[in-house]
Amino acid sequence: MTAAEAAVRETALTTVDAAERGALTIEDSVVAAIAARAVRETDDVGGAAGRVLGIGSAGPQRPAKVTARVDGGQVTLDVRLSVAYPASVSRTSERARDHLTERIGELTGLTVSKVDITVGALQRAVENGRRVR
């Protein structure tokens, strides 16, 4: 390809309207996976509380449970997580909400319109020794 042909080709590519090039669709499950990973970047946030035989367990190693709904360029998130005790539940939730809004926007280009957060448990501090009963 000659330099003149390359210049014509480059000009043709840059003048095509965005609507004519196609569309990008990001599935709900992809946004949910990104959000589940991003929420772990927030201090004092752990995974969703699980239940086994009626006993709840939560911790930093468990993932948060996230449901995402994408409608056009808008995203709504429903997040279930735990908070480390004695951190403030309201401040920690607000930090998580702000972080999710920012990271989803950075990584997907979508706008987060709503983030519902359910705190299912408070995590206990990790004990260093054995407990005598």
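Good morning. I begin with one residue: at 37% relative accessibility, Glu 94 counts as partly exposed. The model from which this value was computed is a predicted one. The partner of Glu 94 is Arg 97, and the side chains of the two meet in a salt bridge, with 3.1 Å from N to O. Arg 97 is itself partly exposed, its relative accessible area being 24%. Because the two residues stand three apart in helix H4, about one helical turn separates Arg 97 from Glu 94.

Let me now place this pair in the whole chain. The protein chain contains four helices and six strands. Followed along the sequence, these elements give the pattern α-α-α-β-β-β-β-β-α-β. The chain has 133 residues, of which 26% count as buried. About 9300 Å² of the protein chain is exposed, and carbon and sulfur atoms supply 51% of that area. As for contacts between residues at least 6 apart in sequence, 66% of them join residues at least 24 apart.

I turn next to the interior. How many residues does the largest nonpolar core have? The answer is 23, and those with the most contacts inside this core are Val 31, Val 66, Leu 77, Val 79, Leu 81 and Leu 100. At least two core residues are supplied by each of these elements: helix H3 (28–39), strand S4 (65–71), strand S5 (74–84), helix H4 (89–108) and strand S6 (111–123). The largest share, six residues, comes from H3.

Leu 100 may serve as an example of how the core is joined. Setting aside residues up to four places away in sequence, Leu 100 touches Ala 35, Ala 38, Val 39, Leu 77, Val 79, Val 112 and Val 115.

Helix H3 deserves a closer look. At 1.5 Å a residue, its twelve residues should span 16 Å, and the C-alpha atoms at its ends are 16 Å apart, which agrees. Which residues of H3 are buried? They are Val 31, Ala 32, Ala 35, Ala 36, Ala 38 and Val 39. Viewed down the axis of H3, these buried residues fall within an arc of 165°, so they line one face of the helix. The cover over the buried residues of H3 includes strand S1 (45–46), S4, S5 and H4. On the other side of H3, Ser 29 and Arg 37 are exposed.

Ser 29 offers a useful detail. Its relative accessible area is 54%, and Ser 29 therefore counts as exposed, since the cut-off is over 50%. Although Ser 29 and Thr 67 are 38 residues apart in sequence, their C-alpha atoms are 7.6 Å apart in space.

Beyond H3 the chain enters a loop that leads to S1, and Thr 42 has its place there. Is Thr 42 buried or exposed? Thr 42 is buried, with a relative accessible area of 8%. Apart from neighbours within four places in sequence, Thr 42 is in contact with Arg 95, Ala 96 and His 99.

The loop brings me back to salt bridges, of which there are five by count. One of them joins the side chains of Glu 41 and Arg 103, at 3.3 Å from N to O. This pair links distant parts of the chain, for Glu 41 lies in the loop between H3 and S1 and Arg 103 lies in helix H4, 62 residues apart. Glu 41 counts as partly exposed at 41% relative accessibility. Arg 103 is also partly exposed, with a relative accessible area of 21%.

Arg 103 has a further partner. Arg 103 forms a salt bridge with Glu 106, and their closest N and O atoms are 2.9 Å apart. Both residues lie in helix H4, three residues apart, or about one turn of the helix. Glu 106 is partly exposed, its relative accessible area being 48%. Which residues are joined into one network by salt bridges that share partners? They are Glu 41, Arg 103 and Glu 106.

To close, I return to two points. H3 supplies the largest share of the largest nonpolar core, and Arg 103 in helix H4 forms a salt bridge with Glu 41 in the loop between H3 and S1. Thank you for your attention.

Terms used:
Residues numbered from 1 in each chain as written. Predicted model: local features only at pLDDT ≥ 70, side-chain atom pairs only at ≥ 80, totals over all residues. Heavy atoms only, no water. Core = buried A, V, L, I, M, F, W, Y, C linked by side-chain atoms within 4.5 Å. Buried < 20%, exposed > 50% of the residue type's maximum accessible area, 1.4 Å probe, protein only. Contact = heavy atoms within 4.5 Å. Areas by Shrake-Rupley, 256 points an atom, 1.4 Å probe, with all protein chains shown as cover. Expected span 1.5 Å × (residues − 1). Arc of directions from axis to C-beta. Salt bridge = Lys/Arg side-chain N within 4 Å of Asp/Glu carboxyl O.
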